[in-house]
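User: I'm new to reading protein models and would like to learn how the labels get attached. Can I ask you about this one?

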Amino acid sequence: MKKKITIIEGDGIGPEIACEAKKVLNKISKLYGHQFEYEYKLAGGIAIDTVGECLPQETIDSCLSTDSTLLAAVGGYKWDNLAGDKRPEKALLGIRKIMGLYSNIRPSKLYKSLAASSPLRADITAKGIDFVIVRELTGGVYFGEHSTVTVDGELVATDIMIYSESEIERITKVAIAIANKRNNKITIVDKANILDTSRLWRVVCEKVLSTHPEITVDYMYVDNCSMQLLVRPFSFDVILTENMFGDILSDEASMITGTIGTIGSASLGEGSRGMYEPIHGSAPDIAGQNIANPIGMICSVSMMLRYSFGMNIEADNIDRAVEMVLERGYRTNDMMSNGAKHVSCSQMGELIVAALVKIV
Ligand code: NAD
């Protein structure tokens with residue numbers, strides 16, 4: 001297969017982890033005879049510094065014309081004082097909106113060999129953690145109207161949370177497709193005791209799910225879900241939720257697996273084209289030191305091969321290589337524990353590349 005990939009290295013540790021992801025792609029192309037062509041484009045702080053805007057048209061054109069986009073991370077201290085709509089992170093919302101990427105898929109999987117790094121008790125992690133959060137990505141309060149006005153001499157701010165039936169319907173279908181490939185269980189997370197948008201979610205989800213008797217459904221308030229992730233994470237299969245709740249819960253879901261550094265994500269729309277990125281940020285505190293964990297970025301590559309290119313065997317191969325390297329005890333700083341073998345970002349990437357041998 002021939003595939004064109006837009007690579008956005010972005011800021012902070014972005015270039016370091018993107019470099020390891022490319023090594024993995026190159027090895028996969030060698031093993032399986034694929035041709036991957038890369039278009040490197042700017043976004044985030046580096047784009048602001050270079051061309052004066054966080055999401056240049058050239059980057060948008062590339063994202064819309066290549067087969068998929070890999071994004072490392074954007075943002076950093078240097079741009080923290082810019083106004084909200086000028087900040088590097090605005091590029092992320094822009095790409096999601098322009099590409100119509102309304103679903104975000106974030107797996108939360110505890111590697112057995114990393115169980116000791118989880119902040120959860122051993123009797124909880126022993127039962128395993130393996131679920132997926134399906135987060136709505138282009139609606140809700142992040143995309144509603146925002147305003148700050150003066151009322152009776154004081155500032156009053158408003159953020160509008162908005163959802164339409166069609167937005168809820170299409171993301172529910174994504175969750176069903178994912179649940180069908182797993183254990184057919186969906187937990188819908190909302191705040192239906194307070195919010196109208198949540199009550200609409202329940203009505204629409206119920207309607208869509210009524211034609212899917214194979215799915216077991218339960219509803220959970222977001223505050224309860226944040227607790228259950230800590231005490232019964234093993235009970236979840238697919239969590240379906242709106243934009244902001246998904247944003248918050250997915251960070252919690254990543255930390256219970258031991259580190260934010262090992263998890264990738266997929267953002268998808270109607271076609272096969274998507275954007276793939278690790279769930280962490282640009283980690284400016286450790287940038288340029290070759291100590292970042294590249295696994296979340298490498299797992300994003302695996303998700304891209306699986307969801308956008310239909311290369312399931314190649315994706316399984318990457319997942320297996322990551323697991324193998326972790327089982328052999330290699331750890332970057334963020335995963336380090338007694339007796340483990342400490343490696344740098346590039347060494348971790350090279351170990352994973354070396355563990356990739358052709359499986360069919
Ligand atoms: P962060 O995820 O960048 O960092 C949080 C902590 O986790 C830091 O201590 C960092 O060193 C560590 N960390 C993160 N990724 C790591 C990795 N791969 N290996 C080892 N350690 C890792 O979150 P933050 O500090 O809140 O944000 C930093 C910048 O990133 C901000 O400008 C923020 O807006 C931006 N950000 C970008 C994205 C994105 O590009 N998708 C997502 C979140 C935050």
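User: Which residues come nearest to the ligand?

Analyst: Keep in mind that this is a predicted model. Of the 19 residues around the ligand, the nearest are Val74, Glu89, Gly281, Ala283 and Asp285.

User: What makes the pairing of Asp285 with the ligand a polar contact?

Analyst: The cut-off for a pair of N or O atoms is 3.5 Å. A polar side-chain atom of Asp285 sits 2.8 Å from an oxygen atom of the ligand, so the pair qualifies. Gly281 joins in with a polar backbone atom, 2.7 Å from a ligand oxygen. His280 uses a polar side-chain atom, and that one lies 3.2 Å from a nitrogen atom of the ligand. As for cover, the protein hides 69% of the 800 Å² of accessible area that the ligand has on its own.

User: Why is Lys3 called buried?

Analyst: Buried means under 20% relative accessible area. Lys3 has 18%, so it gets the label. You'll find it in strand E1, residues 2-10. Leaving out residues up to four places away in sequence, Lys3 touches Gln35, Phe36, Glu37, Asp67, Phe309 and Met311.

User: And why does Ser265 count as buried?

Analyst: Same kind of check: Ser265 is at 1% relative accessibility, so it counts as buried under the 20% limit. Ser265 belongs to strand E11, residues 264-268. Setting aside neighbours within four places in sequence, its contacts include Asn104, Ile105, Arg106, Tyr276 and Met303.

User: Why is Asn290 called partly exposed?

Analyst: The middle label runs between the 20% limit for buried and the 50% limit for exposed. Asn290 is at 30%, so partly exposed is the right name. Asn290 is in the loop between strand E12 (274-278) and helix H10 (295-307).

User: What is the phi of Asn290?

Analyst: Phi of Asn290 is near 55°, a positive value in a residue other than glycine. Most residues other than glycine have a negative phi, so a positive one is worth pointing out. Asn184 is also not a glycine, and its phi is positive at about 55°. Asn184 lies in the loop between helix H6 (165-180) and strand E8.

User: How do you know that the length of helix H1 agrees with the expected span?

Analyst: H1 covers residues 14-32, which makes 19 residues, and at 1.5 Å a residue they should span 27 Å. The end C-alpha atoms are 27 Å apart, so the two values agree. The buried residues of H1 include Ile17, Ala18, Val24, Leu25 and Ile28. After H1 comes Gly33, with a positive phi near 75°.

User: How does the reach of helix H9 compare with what is expected?

Analyst: H9, residues 243-255, has 13 residues and reaches 19 Å from first C-alpha to last, close to the expected 18 Å. At its start, a side-chain oxygen of Glu242 comes to within 3.0 Å of the backbone nitrogen of Met244.

User: How do you know that the buried residues of H9 line one face?

Analyst: In H9, the buried residues are Asn243, Phe245, Gly246, Leu249, Ser250, Ala253 and Ser254. Looking down the axis of H9, these buried residues fall within an arc of 150°, so they line one face of the helix. They pack against several elements, among them strand E4 (103-109), helix H7 (196-209) and helix H8 (222-231).

Definitions and conventions
Residues numbered from 1 in each chain as written. Predicted model: local features only at pLDDT ≥ 70, side-chain atom pairs only at ≥ 80, totals over all residues. Heavy atoms only, no water. Helix = DSSP H or I, 4+ residues; strand = E, 2+ residues; numbered from the N terminus. Expected span 1.5 Å × (residues − 1). Buried < 20%, exposed > 50% of the residue type's maximum accessible area, 1.4 Å probe, protein only. Arc of directions from axis to C-beta. Contact = heavy atoms within 4.5 Å. Polar contact = N/O pair within 3.5 Å; in protein donor to acceptor, adjacent residues only side chain to side chain. Near = heavy atom within 4 Å. Areas by Shrake-Rupley, 256 points an atom, 1.4 Å probe, with all protein chains shown as cover.
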